[in-house]
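Colleague: Please take me through one small part of this model in close detail. Then set that part against what can be said of the chains as a whole.

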Amino acid sequence: MNASKNEGLSGGTSERVGRIVGVGHTSSQEFRVVLDDGAYLAVDDLVVVRTEVPGVGELHTYGVVVESEATYEGAAYESDVHRISEQGLQPAAKVRTAQIAVTRVDPEVWVAADPGQEVYRARGIERDRALYADEMRRPLPVGRGRDGEPVYLDLDFFDGTKGGHMSISGVSGVATKTTFAFFFVRLLAGQPALLGTAAANLRVLVFNVKGEDLLWLDRPSNEFGDDDAAAWRALGVEPTPFALATPGADAPRPRAGVPTVAFWAPPRVHAGGEVLPDVSGRQSGVAPFTWTPREFVDEELLQFVFTDASDARNQIPFVEERVRGQLRRLAVDVLGAPGAIVLREPNDREGGQRAVHSRVNERVIRTLEDVADAIGDFLEPEEGEPDRRWSAGAQLGTVNAFMRRLRAASSEARLGRLIRAGESRRIDRMAATLTVVAIQNLHELAQRFVVGALMRETFREKEETGQRLPLSVLVLDELNKYAPREGQSPLKEMLVDIAQRGRSLGVLMIGAQQSASRVAPDVLENASIRVTGRLDAAESERAEFGWMLPSTRARARLLKPGTMVLGQPAVPVPIVLSFPRVPWATRADEVLADPASDPFRGLVP
Amino acid sequence: MARLYVEDWSPEYGAPFESDTDSLPSEVIVDTQVETRGAWEPLPGRDDGVRRVAFVDGVQRIEATLTLDDPERGPLPGLCAAYAVGASVWDRDARASTFDHVRVGRLAIFGGGESPSMPAVPGMDYAVESVEGLDVAALRSTLDTRRGRAETDLVRRLAEDDCFVIADGRVDDLGPNDAVGYIKSHHRTYLTGSEARTIGTLRAGERTPMFLIPGKFERYSWYVRLMDIPGGHSWSGIARVEAPAAVGIVRARVLADRTAALLPLAAMPLHLDHRAPQNLVPIAALEKELRRWLGDDGLVRRALRAALNGVPA
């Protein structure tokens, strides 16, 4: 922020709107304002009052309007209104008032403001103080308040310096949760000066789980107007879509300062020998991804095959853990078959420890089904008991259940297509600022597998380097699916771990959900930044939204798309903000037609 | 040297009271033939579209009973009183009413012809008055007179300011203005026989023909029905209105027609007030406002005690 402290972050001067009502008590928490003729206060407006306190001096009390009221003073009965307004026979004064919740007292002497004191609309430095923006070390403008001025988020509470993670709630269909998440990511990436060294290599991982809404982040939107552009510039960011940077894609070199995006999708099933990304909306710029059996074993991905909450209730995790260890111990590369493995005891590897020639009749593992079969050789021998080194002594029923689930998961339609030998097609999270993984066409089991595998990869990298920077951001919609309030799963455990430790490791989560009450409390409570769009009426009354004022909660049922409530540790009251439309398309039909391009270009192979 | 004290106890403390301005000599012969010759019939009201109607009223209150401790003459009675007069002005074009010309007066009235100097009471300005007698009724009648004068002044001012004035209660000296006195209670009837029976046949918005009340302040008067009250007796919903004879019979008739049309609009709904419908909506609101202007009774008394008895407030 270049503005000098005296002018405040947002400039402007405060104007008088009324006086504090002296009927009834004012308190250090709240007071009411009777408005001057020709002045008004709307809900969410910010005010400041100066009170002279004996022995302390001038006290500034800041507050936010939580309710606006009007009445006929002099009317004793409700039917008086007819006599007052219809013919005007009964004299009465229209009185407009506003209820104020105190946000801050400066200096911090919690004394009630005096009745009769003049109340000013807070502008300029006063507004910043009301919102604690003057105390934010790195204020990131994340939208506009009701007065049109920027609302700031203290970046220290997102990037792990003082706090981390963001939780976004709201009913579905209003489509603001994801949009806001990307709006925020775009602001983060667009404010390198603010983010500092972390900005350069900021990496964001996001999963597209519904439709193909996130596959147009590099395409301009036809709904984006000049007003929106102006609003973006007021927030200090030049609005552009993300620049395409999918490996292998035919894209121009991105301009400096424009964050990049890479799209990844699993391979299509039944595509013959070709590996094509499983998306329907766009024909280019999406890279297919798979893991080789080698990677599957090395990265211990087997655990993410068993992510169903019911898996945790029996002994399957014990068997899985043992099997995972055995695979790591025995897997060895096959010469001439990249990515494929065979299972051999370490003392049985002629030609070296790293890679061997496959023997005749030896099972070469090239797919997940091969993995299942190889494990089956030990756990489901044609004769005799399961190999105790693999079964961990589990009962036969458990071993059978393990195998049954593993085989079911291995089919091509489920996880099978994600694991194949050949050249490595792992997702390169370093290829672009934003990595979008399109898993909407995958079976739910496979979706959890991909999410788990990539989150673990991210988290592990950070654990190994121990470096907080560069920041890694995970955007996860429908968080309640991955970290439900009830039950256990490896995914949930990892998310809780990220929520608790990710902050210090620079792994930050932006979680979105319809019902915060259905998300594991450990995950929610660790989110320093809370954002809410329109809420279901019942949901808004839950304890998860205790950070909102009662008036804000009531209004959260009525919020329009593009309006959010922001809660952050640096500001003790929730602030309502609106954010502009985004410059990229959020649906296929929003993609701005490019007149220069050949409309049939995509149809020609 | 004589000293002033506020008495600690008095039954009238703070109680607002209305003085009865409708007391009349027992025998008044009225002339029922000034407007209509022969038998009376109800006459319909007529709204001539007057733009501004001002309802004028006053309230008064005894604030403290005083004792003047005179070393030679013994204790002499006195009282502190306050009155407020004002208007509720109905702008019919704007369809809005506003309180206007509200004035508060404070009097320290002493008996026995004494007029001691009144110590300063913060925030209140007492004008000292004295009466010859020693009885409290005489003191109170001074208050009535002062308030009445303030009301009369206000009526004239508003009339000169192009308002049609409806003053609550009887006002003796309305002058030759578009001003009427509005009397809501009927201590006696001025009419007898068939004329009196006409009152029972009035419908809402109708009036009786005018009759002339002789006296020092000669005036025309008529009865108006404000509201048809199902199950009411023949006088329920009836009010009496007076206009100064000085305006002349032609102008008086315009005023009479006007009140018959307008007053029912201002009538108080029955369920809202025990003096309904005669206690008109604007006047009820005005009274409430005027009492508010008198200030908090307890605070006034405390300030008086502090100033006169030397007791800290």
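Modeller: Start at Asp333(A): the bridge partner of Asp333(A) in S15(A) is Ile341(A). The model is predicted. That bridge belongs to an antiparallel pairing between S14(A), residues 331-334, and S15(A), which runs over four bridges. A third strand joins them. The sheet is open, its order is S15-S14-S16 in chain A, and its pairing is mixed. The edges are S15(A), residues 337-343, and S16(A), residues 355-356. Each edge strand has a single partner, so one side of each lacks a neighbour in the sheet.

Now confidence. Chain A has a mean pLDDT of 86, with 93% of its residues at 70 or more. Among the elements of chain A, strand S2(A), residues 30-35, has the highest mean, 95. Helix H5(A), residues 197-200, has the lowest, 62. Residues 1-11 of chain A have pLDDT below 50. This stretch still has 21 contacts in the model beyond near neighbours in sequence.

Next, chain B. Its secondary structure comes to five helices and 12 strands. The C-alpha atoms of chain B fill a box of roughly 70 × 45 × 40 Å along the principal axes. The radius of gyration of chain B is 22 Å, which agrees with the value near 20 Å for a compact globule of 313 residues. Of those 313 residues, 42% count as buried. Among chain B contacts with a separation of 6 or more, 64% are between residues 24 or more positions apart.

Methods:
Residues are numbered from 1 along each chain as its sequence is written. Chains are lettered from A and ligands numbered from 1 in the order in which they are written. This is a predicted model: local features need pLDDT of at least 70, side-chain atom pairs count only at pLDDT 80 or more; totals for chains, interfaces and linings use all residues. Helices (H or I, at least four residues) and strands (E, at least two) are DSSP runs, numbered from the N terminus. The radius of gyration is taken over C-alpha atoms; the globule rule is 2.2 Å times the number of residues to the power 0.38. A residue is buried if 20 or more other C-beta atoms lie within 10 Å of its own, exposed if 12 or fewer, and partly exposed in between; C-beta atoms are placed from the backbone. Two residues are in contact if their C-beta atoms, placed from the backbone, lie within 7 Å. pLDDT is the predictor's confidence in each residue, from 0 to 100. Two strands pair if DSSP finds at least two bridges between them.
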